[in-house]
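Thank you all for making time this morning. I would like to walk you through one model, and I will ask you to keep the coordinates open while I talk.

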Amino acid sequence: MQSYTMEPQLHNIEDLYKTYKSHLFAIAYRMLGSSSDAEDMVQDLFIGMHGYLNDNINNMKSYLSKMMINRCLNELKSARKKRISYVGNWLPEPLVQLSEDNPLDSIERHDTISYAFLVLMEKLTPLERAVFILREVFAYEHSEIAEMFNKTEVNCRKIYSRVKKKVDLSTEKNDYLMMHPVEEKELVTRFISALSNGNVQSLVDLLTEDVILVADGGGKVSAAAVPVYMKERVLKILQALSSKFPETDAHLVEVNDQQGILLTKDGVPSGVISFEWDAYKLAVQRIFIILNPDKLKHLSSSM
């Protein structure tokens with residue numbers, strides 16, 4: 001792994017911020033599932049760094065990563081308590097590519113994790129998530145990760161191995177789908193057309209029999225309070241969504257670096273739809289609909 005030793009010119013907080021903000025945002029976003037919280041976390045980290053820098057820091061990137069991970073672990077402890085009172089399903093904030101300059105540009109493109117994968121991260125403990133993200137996404141050595149958490153390298157390897165077994169199948173499917181971008185775009189375009197035209201039944205062969213729809217309204221807009229299972233029930237929910245057209249416009253966009261749908265009303269983001277695919281069948285097995293306006297605020301400023 002490439003070594004990131006602090007150069008003399010990076011003693012300055014401003015230089016450090018410019019150099020590492022994208023990397024730290026990427027860590028925080030994957031840990032917290034919130035773009036706005038990740039941005040705040042990066043800002044707070046650098047604000048609190050004054051007086052903590054010295055010439056004895058040999059690997060600045062690792063040092064800052066450890067600081068960010070610790071902050072995220074603390075944040076997740078309080079966040080889990082808050083989610084107990086959350087109304088309905090909780091989904092991460094999506095990153096949507098609206099233009100050439102967008103939040104996705106602040107994440108190293110080759111490190112992008114699909115939205116479905118981000119949802120899967122919610123099933124892991126904070127420590128499992130941190131170890132997996134650092135190793136799988138950012139290619140930190142097990143020895144570096146062990147040092148960050150004051151654990152043995154063997155312990156970190158065991159944690160990573162355990163998590164890898166949980167998520168390996170999703171990784172394979174995601175990799176397979178990335179090799180078929182044209183097909184994915186055509187299928188999502190077909191999805192938009194069906195919603196816009198009210199012809200939801202045309203999506204029958206596009207959904208797996210055991211498809212699941214998860215909607216997050218946060219108690220602020222109407223949304224299914226629990227996951228909706230099986231094709232017939234999901235089609236009914238999609239029909240209800242379709243009935244809101246033409247008041248709502250649907251746009252083909254990239255959601256966490258995969259094809260998805262941005263819903264707008266009077267030019268203001270009102271929802272984001274993302275998919276998890278059975279890539280071998282090229283059919284949808286999970287539909288994620290983010291409607292909570294609090295999780296769409298960061299999109300308005302980019303439009």
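I will begin with the sheet, go on to the backbone at a few loops, and end with the charged side chains.

First, the ground rules. This is a predicted model, in which local features need pLDDT of at least 70 and side-chain atom pairs count only at pLDDT 80 or more, while totals for chains, interfaces and linings use all residues. Residues are numbered from 1 along each chain as its sequence is written, and side-chain values use heavy atoms, with hydrogens and water left out.

Let me turn to the sheet. When I speak of helices and strands, I mean DSSP runs numbered from the N terminus, H or I of at least four residues for a helix and E of at least two for a strand; two strands pair if DSSP finds at least two bridges between them. In what order do the strands of the open sheet lie? There are 7 strands, running β1-β4-β5-β6-β7-β2-β3, and the pairing is mixed. At the edges we find β1, residues 96–97, and β3, residues 228–229, each of which pairs on one side only.

Within that order, β5 and β6 pair in the antiparallel sense over 5 bridges, and isoleucine 261 has isoleucine 273 in β6 as its bridge partner. Moving along, β6 and β7 are again antiparallel, with 7 bridges. Strand β2, residues 207–216, pairs with strand β7, residues 283–290, in the parallel sense over 6 bridges. If you would like one residue to look at here, please choose phenylalanine 288 in β7, which is the bridge partner of serine 274 and also stands opposite valine 214.

Why do we describe β6 as largely enclosed by the rest of the structure? We do so because 9 of its 11 residues are buried, where buried means under 20% relative accessible area, exposed means over 50%, and partly exposed lies in between, with a 1.4 Å probe and protein chains only.

Now to the loops. As a reminder, most residues other than glycine have a negative phi, and I would like to show you some exceptions. In the hairpin of β5 and β6, with 2 residues between the strands, aspartate 266 takes a positive phi near 55°; this aspartate 266 is exposed, at a relative accessible area of 73%. The hairpin of β6 and β7 has 4 residues between the strands, and there leucine 282 has a positive phi near 50°. Outside these hairpins, alanine 139 also has a positive phi, of about 60°, although it is not a glycine. Alanine 139 lies in the loop between α5 and α6 and, at 41% relative accessibility, counts as partly exposed.

One further loop position deserves a look, namely leucine 95, which is placed between α3 and β1. Leucine 95 is buried, with a relative accessible area of 1%, and its C-alpha atom is separated by 7.2 Å from that of serine 35, although the two residues are 60 apart along the chain.

Finally, the charges. How many salt bridges does a search of the whole structure find? The search finds 12, a salt bridge being a side-chain nitrogen of Lys or Arg within 4 Å of a carboxyl oxygen of Asp or Glu.

Let me take three of these in turn. Glutamate 128 and arginine 162 meet at 3.2 Å, N to O. This pair links distant parts of the chain, with glutamate 128 in helix α5 and arginine 162 in helix α7, 34 residues apart. Glutamate 128 counts as buried at 6% relative accessibility, whereas arginine 162 is partly exposed at 40%, and together with Lys166 they are linked in a network of salt bridges.

The side chains of glutamate 153 and arginine 157 form a salt bridge at 3.1 Å, N to O; because they are 4 residues apart in helix α7, about one helical turn separates them. Arginine 129 and glutamate 122 also form a salt bridge, at 3.4 Å, N to O, and here both residues are buried.

With that, I am happy to stop and go back to any of these positions on the screen.
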